[in-house]
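Please look over the model below with this briefing at hand. The points are grouped by topic, beginning with one helix and its end, then turning to a strand with its neighbours and to the chain as a whole.

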Amino acid sequence: MLIPFAGRGSPACRAALPTLKLPNLESLLSRLSLADTDTQDESTRSPPHERALAKALGISAADGCIPWAALEALQTCLAASGDTEAWAHVTLCNWQVGIDDVALGDPSAIEIDVAESAALLAVAEPFFEEDGIVLYLSDTPGRWLARAPIFEGLATASIDRAVGHPISQWSPLGDSGRSLRRLQNEMQMLLYTQRVNDDRAARGVPPINSFWLSGTGALRKDAKRPATTPDVDDALRIAALRDDGAAWAEAWQALDAGAIASLLADYTRGADVALTLCGDRGAQRYTVQQRGLARWAKSLFDRTRAITVLESL
């Protein structure tokens, strides 16, 4: 199991940390050993949970170049095995205009449906084609798949990094970034005139006024695919991105009583379980140690507590 946002450095979530009571997490960590760590800083475009998942999937890539879109294209048969074309995710979003800057709103909160996503793609398609970018509908409403050479080697920030922050902090840089920013400006003007946004205004939901590029790059031919991949539990994501400390703590308690308890039960039955905890800066992966050492490890872990682990992420 892999848990994004297990640790969160934003003010409200960090203040909620000491209040957490996670008996199943503590019990599980006392029986597992730390197998791998990845600690960087919050300036990386690829957050720890994406780096950890890429590693588990056998994908090696530079920061901001984990080819999530190319992987989805392969999984949905838009690309064939062995293809090395570059892809990107184009996520429709709401840019929130403030007094001093423009911030990226969480795309998961815009409530877009399949029909709206398809209608906007049809309108946007000619503009993207002028830059040699081919668009495809994704299985996720509000997110398109895009194929073009321009995405090769283009570092882009994960939405999970950029949500709530100024656009300028995370926009793609370099020569390729400039042409994409021009396309972004064209799309902003185009989206402003669309009937879809009139209908959305009548429903009282945020307008779709731009898009965000992420998941750029191509899959390497020599990428090794593992036999098993981790289950990713996103239960903490929304509360963490909104810095809703109370909701984040409540989600953690539910996670501890549910998925973590199930993983602990699997361990107790003799399964080889693994748990990866991810925060803003780092990820820690825990695996089964020699079971005969479990009692000694538990006595040692009791002096550190699970909360200390989460604070370090």
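Directly after helix H9, Gly204 adopts a positive phi of about 80°. The model is a predicted one, and local features are described only where pLDDT is at least 70. Helix H9 itself spans residues 195-203, and its two sides can be told apart by which residues are buried and which are exposed.

**Helix H9**

- Val196, Asn197 and Arg200 are the residues to look at on the inner side of H9, since each of them is buried.
- These three residues lie on the same side of H9, because they cover an arc of only 90° around the axis.
- In an α-helix there are 3.6 residues a turn, so residues three or four places apart point the same way.
- On the face of H9 that is turned away from the buried side, the exposed residues are Arg195, Ala201 and Ala202.

**Strand S10 and its partners**

- Strand S10, which runs through residues 282-288, is largely enclosed by the rest of the structure, because five of its seven residues are buried, that is, under 20% relative accessible area.
- Strand S2, made of residues 32-39, runs antiparallel to S10 and is joined to S10 by seven bridges, and within this pair Thr39 stands opposite Gly282 of S10.
- Strand S9, made of residues 274-278, also pairs with S10 in the antiparallel sense, here over five bridges, and Cys278 has Ala283 in S10 as its bridge partner.
- The connection from S9 to S10 is a hairpin of three residues.

**The protein as a whole**

- The protein contains 13 helices and ten strands, and buried residues account for 48% of its 313 residues.
- A compact globule of 313 residues would have a radius of gyration near 20 Å, and the protein's value of 21 Å agrees with this.
- Taken along the principal axes, the C-alpha atoms fill a box of roughly 65 × 45 × 35 Å.
- When contacts between residues at least 6 apart in sequence are considered, 74% of them join residues at least 24 apart.
- The accessible surface of the protein amounts to about 14,900 Å², and carbon and sulfur atoms contribute 52% of that area.

Definitions and conventions
Residues are numbered from 1 along each chain as its sequence is written. This is a predicted model: local features need pLDDT of at least 70, side-chain atom pairs count only at pLDDT 80 or more; totals for chains, interfaces and linings use all residues. Side-chain values use heavy atoms; hydrogens and water are left out. Buried means under 20% relative accessible area, exposed over 50%, partly exposed in between (1.4 Å probe, protein chains only). Helices (H or I, at least four residues) and strands (E, at least two) are DSSP runs, numbered from the N terminus. Two strands pair if DSSP finds at least two bridges between them. The arc is that of the directions from the helix axis to the C-beta atoms. The radius of gyration is taken over C-alpha atoms; the globule rule is 2.2 Å times the number of residues to the power 0.38. Contact means heavy atoms within 4.5 Å. Accessible areas come from the Shrake-Rupley method with a 1.4 Å probe; for residues, only the protein chains shown count as cover.
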